[in-house]
Amino acid sequence: MGATELVWWVLRPVLRLRLAWFRHLVRGGTFPPAPTAAAVQAAVEARADPSADRVGWLGSPAAARFGVLHDDLTTLARVAVLVEAHRGRPLVWIEAGASLRTVRDAARDETPALADVDVTVVALGFSDVLLMTSTAAWTRDLDRLLDRARRPGQVLSPVIVGGVPPMDRFTETAWMGRELIRAQAARLDAATEELVRRRGDCVLVRFPDLDAGAAQVRGRLWSWSRVHQLWAAALAPELARLLDEDA
């Protein structure tokens, strides 16, 4: 264990308190209302549609929906609209995982919820940035998770790996230590890119540039609707391409 890792290991209880506070802020934040009975029934029917593209979401359900009042403004809904327009068929999200968990937790989860999907999207990083997870541990656990994501059922599934989000830009992140958080996000993002390059069987989609997308004001996240729009615009083309190739 290096000197830096030893420091973060000693500070782990403090980091876990910071993560708990972040999760508390997220839980108390803005989300779309719970789906109606009709919406739930429509989702069940969509899953049963043999023509639908089935896409696994192995990430935080909260991250994909946070900060907006309507479900059609979320990342998942926006991606579905874009890909459905391209493919001319329904897209059904198959979600697995609890809110804001670590990549280690996800790698250990053996739940078969993603069986028989056409593509899997892996989008994690929030918790590991705040916990200052080492790049070695991140790479090891993400590698294990991608092995499982590649074979969720009986056949191999294409996998999109989402880039690590810029946690230092989010208003829910405390101002104290933002430079450390920025550096940590960059380290994990670089480790993710290297792992995807080395494996050669996954595709990396970087988190979009919030400055270029005018999603922030004075360095702090401002429009969550715009963030979801940018993230969906980054994911949708690669997802559509993989589904076309898999057809």
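Biologist: Among contacts in the protein between residues at least 6 apart in sequence, what share join residues at least 24 apart?

Modeller: Contact means heavy atoms within 4.5 Å. Among contacts between residues at least 6 apart in sequence, 79% join residues at least 24 apart. Bear in mind that this is a predicted model, where local features need pLDDT of at least 70, side-chain atom pairs count only at pLDDT 80 or more, and totals for chains, interfaces and linings use all residues. Residues are numbered from 1 along each chain as its sequence is written, and side-chain values use heavy atoms, with hydrogens and water left out.

Biologist: How many helices and strands does the secondary structure come to?

Modeller: Helices (H or I, at least four residues) and strands (E, at least two) are DSSP runs, numbered from the N terminus. Here you get nine helices and seven strands.

Biologist: And how much of the protein is buried?

Modeller: Buried means under 20% relative accessible area, exposed means over 50%, and partly exposed is in between (1.4 Å probe, protein chains only). Of the 247 residues in the protein, 47% are buried. Areas come from the Shrake-Rupley method with a 1.4 Å probe, and for residues only the protein chains shown count as cover. The accessible surface comes to about 12,300 Å², with 58% of that belonging to carbon and sulfur atoms.

Biologist: Let's take a helix. What should helix α4 span?

Modeller: The expected span is 1.5 Å times one less than the number of residues. Helix α4 (residues 75-87) has 13 residues, so it should span 18 Å, and its end C-alpha atoms are indeed 18 Å apart. Right after α4 comes G88, with a positive phi near 70 degrees. Try the ruler on α7 too: 16 residues, 22 Å from first C-alpha to last, close to the 22 Å expected.

Biologist: Which residues of α4 are buried, and what covers them?

Modeller: The buried ones are T75, L76, A77, R78, V79, A80, V83 and R87. Their cover includes β1 (53-59), β2 (91-96) and α9 (224-246). In α7, the buried residues include W138, L142 and L145, and among the elements covering the buried residues of α7 are β1, β3 (119-123) and α8 (178-199).

Biologist: How many aromatic pairs does a search of the whole structure find?

Modeller: A pair of aromatic rings is described by the distance of the centres and the angle of the planes. Rings of Phe, Tyr and Trp (its six-membered ring) pair if their centres lie within 6.5 Å; planes under 30 degrees apart count as stacked, over 60 as edge-to-face and the rest as tilted. The search finds three pairs. In one of them, W57 and W93 have ring centres 5.8 Å apart and planes at 90 degrees, so the pair is edge-to-face. W57 sits in strand β1 and W93 in strand β2, so parts 36 residues apart in sequence are tied together. Both W57 and W93 are buried. F66 and W224 form an edge-to-face pair as well, at 5.1 Å centre to centre and 85 degrees between the planes. This pair links F66, in the loop between β1 and α4, with W224 in helix α9, 158 residues apart. F66 counts as buried at 7% relative accessibility, and W224 at 14%.

Biologist: Which residues touch the most other members of the largest nonpolar core?

Modeller: In soluble globular proteins, nonpolar side chains tend to be buried together. A nonpolar core is a set of buried Ala, Val, Leu, Ile, Met, Phe, Trp, Tyr and Cys residues joined through side-chain atoms within 4.5 Å. The largest one here has 59 residues, and W57, W93, V122, L145 and L239 touch the most other members. Its largest share, 11 residues, comes from α9. Leaving out residues up to four places away in sequence, W93 touches R47, L76, V121 and L239, among others.

Biologist: Is S225 buried, partly exposed or exposed?

Modeller: S225, in helix α9, counts as partly exposed at 23% relative accessibility. Its side chain makes a polar contact with the side chain of R78 at 3.1 Å. A polar contact is a pair of N or O atoms within 3.5 Å; within protein, one must be able to donate a hydrogen and the other to accept it, and residues adjacent in sequence count only if both atoms are side-chain atoms. For contrast, look at V155, in the loop between α7 (135-150) and β4 (159-162): V155 is exposed, with a relative accessible area of 53%.
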